[in-house]
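Subject: Structure handover: salt bridges

Hello,

Here is the structure I promised to pass on. Please open it alongside the notes below.

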Amino acid sequence: LKNTTDDALPRYLTSLKFKQSHILADVRLGLGYAAVAISGVTFYADYKLGWDATKSWTLWAVIAYFIINGALTYWIWGIEKGKIFTGQTHSSFISIASSVTKHKPIYSLKVHCSRSGSDIEMLSLSAPFTRWFDSDGYFVPTPFQRWLASEIPLVGEADPLKVDSRSADYRSTESVDAQGTVSTHTSAQASTERVQS
């Protein structure tokens, strides 16, 4: 369910003229291909030249392989952190990361939005998969697109016909202004919490 939904989100946003940045994926692929290339070259050299001729190279290849795989692991868990879309439209930037808690059919998004010259807005959204998967398990794009357009202001501005003012899923919003002041708003609460960072 998560993978299908994750795949649908970039397709929808790019159809709305959001320009997707592929830097995160490119670095991940580059590190992965480098590790595979080291393995392939080491295997080929060992096959052609024999163990005695390649054992000193093999040691360095193994060390390089583990360094590259360590960097890849850090990149996936420390930098990407579940990001499924990073992009921009006009003078606005958006970054979206998804997650699912094990054994809970709830899809959660962390969204960072910023407009030129304004505060960074951070949204936390959650909704059950049953909103956009039918009873046979098929993905239905329109309810998913309607949910995104209703909950994420930048998406709603790009696709106003899909905005549903009756959307009642959980949403938490944080805004960070130029002075570092964080404002938190939750759809379940009317109060606003201000924290100086």
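Which side chain meets that of glutamate 157 in a salt bridge? The partner is arginine 115, with 2.8 Å from N to O. Please keep in mind that this is a predicted model.

The two residues of this pair sit in distant parts of the chain, 42 residues apart. Glutamate 157 belongs to helix α5 (residues 153-158), while arginine 115 is in strand β4 (residues 106-115). With a relative accessibility of 32%, arginine 115 is classed as partly exposed.

The count of salt bridges in the model is 4. Among them is the pairing of arginine 28 with glutamate 80, whose closest N and O atoms are 2.8 Å apart. Arginine 28 lies in helix α2 (residues 23-49) and glutamate 80 in helix α3 (residues 51-80), so this salt bridge ties together parts separated by 52 residues in sequence. The two ends differ in burial class: arginine 28 is partly exposed at 31% relative accessibility, whereas glutamate 80 is buried at 6%. Glutamate 80 is called buried because its value falls under 20%.

Another salt bridge joins lysine 162 to aspartate 159. Here the closest N and O atoms are 3.5 Å apart, which counts because the cut-off is within 4 Å. Lysine 162 has a relative accessible area of 22% and is partly exposed. Aspartate 159, at 11% relative accessibility, is buried.

As background, side chains of opposite charge can pair when their charged atoms come close.

Regards

How values were computed: Residues numbered from 1 in each chain as written. Predicted model: local features only at pLDDT ≥ 70, side-chain atom pairs only at ≥ 80, totals over all residues. Heavy atoms only, no water. Helix = DSSP H or I, 4+ residues; strand = E, 2+ residues; numbered from the N terminus. Buried < 20%, exposed > 50% of the residue type's maximum accessible area, 1.4 Å probe, protein only.
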